[in-house]
Structure formats: C-alpha cells, structure tokens
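Trainee: Hi! Could you walk me through this protein, a bit at a time?
Mentor: Sure, let's take a look together.

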Amino acid sequence: MFPSGSPRSLSLVFLLGMASQGISCPSRCSCQYLEVNCTGQQLQEFPVDIPLDTRQLILAANNVSYLPPVELSFLADLVYLDCRKNLLGDDLDFTFIGVARLVYLDLSFNNLSQVTFSTFSHLLSLVVLKISDNPNLVAIEKDAFANNTWLRHLDVSRTGLTFLDTSTVRDLPNLRLLGLSDNLWHCNCSFLDFITWMMESDVHFPDADNITCHTPAGLRALRMPAAEAQLHFSCLTQLHKQDYVFLGLVGFCIFLAGTMAAWLAGVCAVIYEAHASKGEEEEEEEEEEEDTAT
C-alpha cells in the first residue's frame with residue numbers, strides 16, 4: 001500500500017478517477033495530472049481525446065503541420081504548450097484564439113515564415129514565447145506583440161530575420177530576455193536605431209557574442225557594439241546621394257527666391273523713380289504757369 005499523499009498514490013487516485021469518469025488519454029501519449037505528453041510519437045495530426053482540463057500539453061518532436069483552432073479552444077485551461085520540432089507553417093493566424101490563458105508557448109524548430117499581429121494577439125497572458133530555429137522566418141510585423149504586454153522571454157534566434165523594428169520589442173514593458181543570435185542581420189542605417197536600443201536597454205541578450213551583422217560585406221561578423229560605432233560614423237556624419245539632391249534643391253530654391261526678390265525690388269525702384277520724376281515734372285510745370293501768370 002502506498003503512503004497517503006505520496007506521488008504514486010496521487011497518480012493512482014488520478015488514474016482511478018479517469019477510469020471512473022470515462023476520461024481517455026490520446027493514443028500513444030502519456031497522461032498525468034493535468035498534463036498530456038506526446039513527445040516523439042511521430043504524430044501526423046493534432047491528437048484527439050485530450051482531457052478538457054489539461055493545462056500542460058507537450059507535442060514536441062512529431063510531424064504535426066497544423067494546429068486546429070477549434071480543438072485547441074476546447075482546452076480553455078491550457079497554460080503550457082510545447083510544439084517544438086514539428087512541421088508547423090504559416091497558417092497560425094487566429095490559431096490560439098481559444099487558449100487565452102496560455103503562459104508558455106514553444107514553436108521553435110518549425111517552418112514559420114512570418115509573424116503577424118493576428119498570430120499571438122489573443123494571448124494576453126503570454127510570458128514565454130520561443131520561435132527560434134525557424135530558418136524560413138523572415139518577417140515579424142511591427143505590432144506583432146502589441147497585445148503581449150506580459151511577455152518576459154522572447155527568443156527569435158537562428159531564423160532568417162534580417163531586420164526587426166525597434167518598437168516591436170521596445171514597447172514590451174516586462175521584457176527581460178531577448179534571443180537574437182545567429183540571424184542574418186542587415187546592418188544598415190535603418191537598423192541603427194535597433195542596435196542603439198540594444199546597447200542602452202536593460203534587457204538581457206543571451207549568446208551576445210553571436211549577435212553579429214551578416215550584411216553588408218564590410219560589416220560581416222561584426223558584433224553589435226562595433227557595428228553601432230561604424231554605423232554612427234557612416235550614417236550620421238556622411239551625406240548620401242539623396243542628401244546632396246535635397247541640399248541642391250534647397251540651394252536652388254534659395255537662389256530662385258533671392259532672384260525673384262531682387263527683380264521685384266528693381267521693379268519697385270523703377271516704378272518709384274518713374275512716379276517721383278513725374279511728380280517733379282508736374283511741380284515744374286505748375287511753377288512755370290505761375291510765373292507766366294504773374
């Protein structure tokens with residue numbers, strides 16, 4: 001007989017409870033109290049017969065390519081979802097609309113190519129989000145995490161990202177850890193604002209030595225502090241072609257305005273001189289008439 005309160009006795013009570021209530025466990029998965037684990041079972045589809053009170057669902061290392069929003073919505077108490085190492089692709093918008101209590105979500109090692117506002121906008125309680133190791137992930141919308149204000153841990157390492165808008169992560173008030181390593185960062189003037197934010201932020205960047213520029217060739221493999229110095233010099237002290245065009249237009253406008261002002265001044269002067277001369281002639285004529293009359 002197991003001691004009362006021991007882990008084995010609790011498991012036994014849970015299994016007996018499941019049997020008495022007719023609650024089943026998905027095929028090829030193991031079920032413990034509020035947890036369903038289907039790791040490495042070569043599943044092709046989302047498993048059926050998941051207990052509705054499940055709080056932790058682990059689907060890691062399978063071949064699942066689609067998460068059905070309706071089936072997920074039945075798991076309203078789900079707080080932990082691990083889907084790493086599957087075949088999930090682009091059709092994740094509105095997928096998590098029914099699991100608003102989700103706190104932990106791991107989608108690493110999949111085939112994601114973009115993250116939009118609609119992908120995670122319903123996960124208002126999300127604290128940990130891992131979307132690393134998605135080599136086809138090339139775009140994260142500016143407001144992709146606008147509703148995820150509780151997010152503390154975000155990992156986008158080892159993806160195809162070349163750019164990330166500063167406001168995407170800067171506006172996350174609780175962010176403490178941000179994984180950015182081994183991406184294809186394009187370190188140009190548009191990316192300078194993001195690099196500057198990194199240097200001034202209190203956020204922790206794990207594996208910071210591998211957060212480097214991929215392009216342009218002159219900055220390849222350069223770490224962010226050195227890249228910031230280079231970009232400050234090239235972007236803030238040197239003029240580009242469009243800057244010269246702008247300055248040329250400004251100079252031309254000033255020259256044109258000056259020319260027009262000088263022309264108008266000349267016209268006004270001529271008109272004044274003509275008016276003054278006419279007045280003097282009239283005065284002289286009046287004087288001559290007066291002399292003749294006397």
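Trainee: Where is Pro216?
Mentor: Pro216 sits in the loop between β12 (213-215) and α6. The labels come from DSSP runs numbered from the N terminus: helices are H or I runs of at least four residues, and strands are E runs of at least two.

Trainee: And what kind of peptide bond joins Thr215 and Pro216?
Mentor: A cis one, with omega about -5 degrees. Keep in mind that this is a predicted model: local features need pLDDT of at least 70, side-chain atom pairs count only at pLDDT 80 or more, and totals for chains, interfaces and linings use all residues. Residues are numbered from 1 along each chain as its sequence is written, and side-chain values use heavy atoms, with hydrogens and water left out.

Trainee: Got it. How many helices and strands does the protein have?
Mentor: Seven helices and twelve strands.

Trainee: What share of the residues counts as buried?
Mentor: Of the 294 residues, 36% do. Buried means under 20% relative accessible area, exposed means over 50%, and partly exposed is in between, using a 1.4 Å probe and protein chains only.

Trainee: Can you show me a helix with buried residues?
Mentor: Try α5, residues 192-200, where Leu192, Phe194, Ile195, Thr196, Trp197 and Met198 are buried.

Trainee: What do the buried residues of α5 pack against?
Mentor: They pack against α4 (166-170), β10 (177-179) and α6 (224-236). Packing here rests on contacts, meaning heavy atoms within 4.5 Å.

Trainee: New topic: how many cavities of 30 Å³ or more does the structure hold?
Mentor: One, and the largest cavity has about 50 Å³ of space. A cavity is found on a 1 Å grid over the protein atoms alone, as a set of points where a 1.4 Å probe fits but cannot get out. Grid points are joined across faces, edges and corners, and the volume is the space filled by probe spheres set on the points.

Trainee: Which residues line the largest cavity?
Mentor: Gly89, Asp90, Leu92, Asp93, Leu112, Gln114, Val115, Thr119 and Phe120; lining residues have an atom within 4 Å of a point. The elements giving two or more residues to that lining are β6 (114-115) and α3 (117-120).

Trainee: Ser113 isn't on your list. Is Ser113 buried or exposed?
Mentor: Ser113 is buried, because its relative accessible area is 19%. You'll find Ser113 in the loop between β5 (104-106) and β6. Leaving aside neighbours within four places in sequence, Ser113 contacts Asp90, Asn136, Leu137, Val138 and Ala139.

Trainee: What about odd backbone angles?
Mentor: Leu34 has a positive phi of about 65 degrees although it is not a glycine, and Leu34 is in the loop between β1 (30-32) and β2 (35-37). Asp207 also isn't a glycine, and its phi is positive, near 55 degrees.

Trainee: Where is Asp207?
Mentor: In the loop between α5 and β12. Asp207 is partly exposed, with a relative accessible area of 39%.

Trainee: Last one: which residues does Arg28 touch?
Mentor: Not counting residues up to four places away in sequence, Arg28 touches Gln41, Gln42 and Leu43. Arg28 lies in the loop between α1 (7-21) and β1. From C-alpha to C-alpha, Arg28 and Leu43 are 8.7 Å apart in space, and they are 15 residues apart in sequence.

Technical notes. 1 Å grid on protein atoms, 1.4 Å probe; cavity = no way out; pocket = protein on both sides within 12 Å on 5 of 7 lines; lining within 4 Å.
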